[in-house]
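Reader: I am new to this structure, and I would like to understand the reasons behind the terms used for it. Could you take me through them step by step?

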Amino acid sequence: MSELRPLKVAFIHPDLGIGGAERLVVDAALGLQERGHSVDIYTSHHDPNHCFEETKDGTLRVHHVISPFPRSLRSKFHILFAHARQLHLMTRLLSPFAPEYDVYFVDQLSTCIPLLQHVGNTRVVFYCHFPDKLLANGAFVEGENREQISLLKRIYRFPMDWLEETTTRQADIIIANSKFTARVTKSYFKSITQSLRVVYPGINVLAYESTVDHNDPDNVAIFSVKPTLVSLNRFERKKNAALAVRAFASLKSKLALKAFRLVLAGGYDPRLDDNLLTLDSLLHLTKSLSLTYNVITPPSNQKPIKIPPGNMTPNDPDVLFLLNFTTSQRTALLSSPSTVALLYTPANEHFGIGPVEAMVCGVPVLACNSGGPTESVLDGPPEERTGWLRPPDAEVWAEALVEIVSMSLSERQALSDRAKARARDLFSMDAMASGIEDALVEAVRMGDVPHMMWNMWMMIFGFVIAYILGPLVLPSQKRATLPIQQTISMFVLQMWPSTNQILCILLVRHWI
């Protein structure tokens, strides 16, 4: 650790659920704690039934600041409300009664960066997973023309994209999760002049080497001696889990395999239409390929999830859909001797922690030949290989799976050893924590934030947000009127500390 005293660090993350970004936040916080720093995580959403164990068992301090703003309005305006929810979170962090921190670590949403700097007088490190600007119209494919969108959506997205670029570049230090993300971000956010440093997401190696409790009901529910292909991804359309289903069906037909199964495991949030529609489409695809299936959740889940009705096969299905798997289930799947390979289906993924999780367990990886996996997985020469990188074509993947299934025991063991060594050397939690710690220490050493003429700009921005969101939110959320009053009033109080602030607050209260 550096000579600097232990830091007080606040993490700001919009939705602390189950996903790759959330896993990074949790592991980064754990890594910094182990290095002697004090860490708090602030979020606008944290469901104890849909989160990682460390965020609810007391290992990490999580501050769930419930927002009066919804995630969307009739499944629209997601990014607009995301900005509003983060601004509401700022009223907690920037209030006179909030704890003081040495530095802030922000990821996913950059809206709050200028506020933390110029109102909170604190340095900010921003971790860029991938620009939202490039994801708003579906999956990003480097080198291809972006999908044409309507004039109305372009008008809606223009201020959102401008705000993202403007606030991102304000960060004192910007970290990217891969060279791919760093290159693409600099290419599309041309006003960012600083170089993005790359800190790969890391994993807690010891968590994957822990002894699996085979009597745990959660692990019993997924146990099978059948050779297994595993896919770990959120149930989102852009993750393209359909590729795994089609490749699996093709493999079975090529080798006439009966005793073989596919496990599709991932985070599933019934609040999100994308999750609902993706699961439904995968079930229909599975049935259309004459594959049997079952859909389960961990028995330990205290909040049952409504599962789509269908003709399911509880015993030994071809495809097992596992919603919101636990850490223990993930370890059990990846460390099981029956697991043949991990199928990582997203194309142009920003980084992708799944392949690293598989490699640390010595499991062969089959991933798309684009984005982050091209940095984590080695596809040759054969004596250095840790996995296979192929274009997202089911038949091409099936051919690669034939090669994987046909490996001898000695070949599989050699690949396993190489994969474990690569994961430990480049993608351990300690390596990630060290990189993030270096950035936080450097940010703190920059000293006080220079005073700038931000108050008037922030006041105007606050009123614009209030003006736009008020009519949208209030008709359907009358019970939230008082919290919204308090949010906007405190925002004005923080943004414009002058003799006119009382008049402004009175005007806001009158308008609401």
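**Confidence and naming in a predicted model**

Author: This is a predicted model, and the mean pLDDT of the protein is 86, with 85% of its residues reaching 70 or more. Over residues 473-482, however, pLDDT stays under 50, and the model has 14 contacts beyond four places in sequence for that stretch. Residues 488-512 also stay under 50, with 42 such contacts beyond four places in sequence.

Reader: What makes low pLDDT a reason for care in reading coordinates?

Author: Where pLDDT is low, the predicted coordinates should not be read in detail. The contacts that the model has for residues 488-512 belong to a stretch where pLDDT stays under 50.

Reader: What is the order of the strands in the open sheet, and in which sense do they pair, parallel or antiparallel?

Author: Seven strands form the open sheet in the order 3-2-1-4-5-6-7, and the pairing is parallel. Strand 3 (61-64) and strand 7 (197-198) are at the edges because each has a single partner strand, so that one side of each is left without a neighbour in the sheet.

Reader: How do you know that strand 1 and strand 2 pair?

Author: Pairing asks for at least two bridges between the strands, and strand 1 (residues 8-12) and strand 2 (residues 38-43) are joined by five bridges in the parallel sense, so they count as a pair. Within this pairing, I12 stands opposite Y42 in strand 2.

Reader: Which strands does strand 13 pair with?

Author: Strand 13 (residues 365-368) pairs with strand 12 (residues 339-344) in the parallel sense over three bridges, and four bridges join strand 13 to strand 14 (residues 387-390), again running parallel. A367 takes part on both sides, being the bridge partner of Y344 and standing opposite L389 in strand 14. C368, in turn, stands opposite R390 in strand 14. Strand 12, helix 11 (residues 354-360) and strand 13 also make a right-handed β-α-β unit.

Reader: Why are both faces of strand 14 called covered?

Author: On one side of strand 14 are G387 and L389, on the other W388 and R390, and all of these residues are buried.

Reader: Why is C368 called buried?

Author: Buried means under 20% relative accessible area, and C368 has a value of 0%, so it meets the cut-off. C361, at 14%, is likewise under that limit and therefore buried.

Reader: How many disulfides does the structure hold?

Author: The structure holds zero disulfides. To be counted, a pair of cysteine sulfur atoms would have to be within 2.5 Å.

Reader: Where does S250 lie, and what does it touch?

Author: S250 lies in helix 8 (residues 242-255), and it touches E395 and A398 when residues up to four places away in sequence are not counted. Because its relative accessibility is 7%, which is under 20%, S250 counts as buried.

Reader: Why is the link between D161 and R157 called a salt bridge?

Author: The closest N and O atoms of D161 and R157 are 2.6 Å apart, and since the limit for a salt bridge is 4 Å, the pair qualifies. The two residues are four residues apart in helix 4 (residues 151-168), which means that they are separated by about one helical turn. D161 counts as buried at 15% relative accessibility, and R157 is buried at 7%.

Reader: What makes R234 partly exposed, when its salt-bridge partner E236 is buried?

Author: E236 and R234 form a salt bridge with their closest N and O atoms 2.9 Å apart. E236 has a relative accessibility of 13%, under the 20% cut-off, so it is buried. R234 has 24%, which lies between 20% and 50%, and R234 is therefore partly exposed.

Reader: How do you know that D318 and K252 form a salt bridge, and which parts of the chain does the pair link?

Author: Their closest N and O atoms are 3.9 Å apart, which is within the 4 Å limit, so the pair counts as a salt bridge. The pair links distant parts of the chain, with D318 in the loop between strand 10 (293-296) and strand 11 (319-323) and K252 in helix 8, 66 residues apart. Both D318 and K252 are buried. Elsewhere, salt bridges that share partners join D15, R71, D269 and R271 into one network, and the structure holds 24 salt bridges.

Technical notes:
Residues numbered from 1 in each chain as written. Predicted model: local features only at pLDDT ≥ 70, side-chain atom pairs only at ≥ 80, totals over all residues. Heavy atoms only, no water. Right-handed = clockwise from strand over helix to strand, strands pointing away. Buried < 20%, exposed > 50% of the residue type's maximum accessible area, 1.4 Å probe, protein only. Contact = heavy atoms within 4.5 Å. Salt bridge = Lys/Arg side-chain N within 4 Å of Asp/Glu carboxyl O. pLDDT = per-residue confidence, 0-100.
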